[in-house]
Amino acid sequence: MAVTESETQAAAASPEPKPAKMRGRGVCVYYGDKQALFDVDIDVVEKQVTSLIGPSGCGKSTFLRCLNRMNDVIDTCSVTGSITLDTGDIYDKSVDVVQLRARVGMVFQKPNPFPKSIFENVAYGPRIHGLAKDKTDLDRIVESSLRRASIWEEVKDRLDQPGTGLSGGQQQRLCIARAIAVEPEVILMDEPCSALDPIATAKIEELIHELRENFTIAIVTHSMQQAARVSQKTAFFHLGNLIEYGETEELFTNPKHEKTQGYITGRFG
Ligand SMILES: Nc1ncnc2c1ncn2[C@@H]1O[C@H](COP(=O)(O)OP(=O)(O)OP(=O)(O)O)[C@@H](O)[C@H]1O
């Protein structure tokens with residue numbers, strides 16, 4: 001059947017939706033006997049930012065940590081359901097967790113540079129993953145990672161000084177450079193701005209916009225304003241359940257669920 005002009009126009013107006021880079025299906029998480037997540041289905045869409053929001057203790061960080069198996073380090077924690085990266089199940093026995101975490105990097109709430117020089121903080125990952133051919137190549141990776149994390153100009157003359165000597169906001173951008181240096185496909189951010197002042201926060205948010213060109217990002221945030229500013233998709237959790245997931249703009253302007261409405265209007269949380 002011939003495609004009509006109006007169909008062509010409609011297709012041009014609504015580009016193909018981007019595919020899911022990571023997909024959680026029926027994800028349940030337990031800490032010992034206590035269930036923290038119930039049957040969660042979420043897509044983390046490629047080259048977009050997905051925000052995870054909800055009141056304290058609702059399971060946002062627990063879900064984020066499932067995406068690169070950081071929960072594996074908690075003895076009592078067990079995960080059921082499936083989580084895929086592209087098409088591969090990340091919980092499959094054959095998965096090398098070190099390789100997985102190189103593909104799915106993480107930035108934490110509190111900036112945590114290694115007690116080493118700025119250069120070494122960024123060079124460490126590429127070196128252990130064998131990504132640099134020689135010293136010149138390593139220098140190039142370090143510079144480009146610091147540039148992509150918008151911190152090169154501030155540190156280029158003191159690469160040999162300790163990363164811990166930088167301001168909080170600079171340390172967080174250094175940690176982002178460290179995450180980028182191993183060329184991850186996905187970057188997980190667990191409240192990356194909660195320890196930062198408004199100016200440092202604005203810089204990280206601007207950086208998140210830029211990073212979205214090349215990386216898929218999932219971010220836990222307590223700030224609904226931040227979720228609205230930085231993300232295209234938002235997932236709202238409550239008491240371990242995923243209540244609503246969708247386009248950020250839609251979720252904040254036209255929530256489908258009463259609990260989402262209650263949370264975004266400040267009635268609880
Ligand atoms: N290591 C742990 N051992 C036992 N229970 C845990 C552990 N980590 C989290 N929990 C529990 O799992 C539930 C979800 O916690 P989680 O930290 O994922 O929530 P959150 O939404 O990220 O909270 P917050 O916004 O306060 O960081 C909570 O009831 C919490 O007490």
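Here are some exercises on this structure, each with a worked solution.

Residues are numbered from 1 along each chain as its sequence is written. The model is predicted: local features need pLDDT of at least 70, side-chain atom pairs count only at pLDDT 80 or more, and totals for chains, interfaces and linings use all residues.

**Exercise 1. Find the annotated domain and describe its span.**

Step 1: Start with the record. An unreviewed UniProt entry places "domain: ABC transporter" at residues 22-264. UniProt positions follow the numbering used here, feature names are shortened, and annotations may be inferred rather than shown by experiment.

Step 2: Look at the span itself. Residues 22-264 are 37% helix and 27% strand, and their end C-alpha atoms lie 26 Å apart. Helices (H or I, at least four residues) and strands (E, at least two) are DSSP runs, numbered from the N terminus.

**Exercise 2. Is F237 buried or exposed, and which residues does F237 contact?**

Step 1: Locate F237, which belongs to strand β9 (residues 233-238).

Step 2: Count its surroundings. A residue is buried if 20 or more other C-beta atoms lie within 10 Å of its own, exposed if 12 or fewer, and partly exposed in between, with C-beta atoms placed from the backbone. F237 has 27 other C-beta atoms within 10 Å, so F237 is buried.

Step 3: List the contacts, meaning pairs whose C-beta atoms, placed from the backbone, lie within 7 Å. Leaving aside neighbours within four places in sequence, F237 touches L52, G54, C58, G59, K60, L242 and I243.

**Exercise 3. Work out how β9 and β6 pair with other strands.**

Step 1: Recall that two strands pair if DSSP finds at least two bridges between them.

Step 2: Take β9. This strand pairs with β10 (residues 241-247) in the antiparallel sense over six bridges, and K233 has E247 as its bridge partner in β10. Two residues sit between the strands of this hairpin, where L239 takes a positive phi near 50°.

Step 3: Take β6 (residues 104-107). Its pairing with β7 (residues 186-190) is parallel, over four bridges, and M106 is partnered by L188 in β7. Both faces of β6 are covered: V104 and M106 are buried on one side, G105 and V107 on the other.

**Exercise 4. Describe how helix α4 packs against α5.**

Step 1: Pick out the buried residues of α4 (residues 118-128): I118, N121, V122, A123, G125 and P126. Their cover includes α5 (135-148), α6 (152-155) and α7 (168-180).

Step 2: Read the geometry. The axes of α4 and α5 are 9 Å apart, at an angle of about 120°. Axes are lines fitted to C-alpha atoms, for helices over the stretch in contact, and angles run from 0 to 180 degrees between N-to-C directions.

Step 3: Name the partners. From α4 come F119, V122, A123, P126 and R127, meeting L138, I141, V142, S145 and L146 of α5. The residues of this contact divide into eight nonpolar, one polar and one charged. Ala, Val, Leu, Ile, Met, Phe, Trp, Tyr, Cys and Pro count as nonpolar, Asp, Glu, Lys and Arg as charged, and the others, Gly among them, as polar.

**Exercise 5. What is the sign of phi at D39 and at S150?**

Step 1: Most residues other than glycine have a negative phi.

Step 2: Check D39 in strand β2 (residues 34-45). Its phi is positive, about 55°. D39 is partly exposed because 15 other C-beta atoms lie within 10 Å.

Step 3: Check S150 in the loop between α5 and α6. Phi of S150 is also positive, near 55°. With 17 other C-beta atoms within 10 Å, S150 is partly exposed.

Methods
Contact = placed C-beta atoms within 7 Å.
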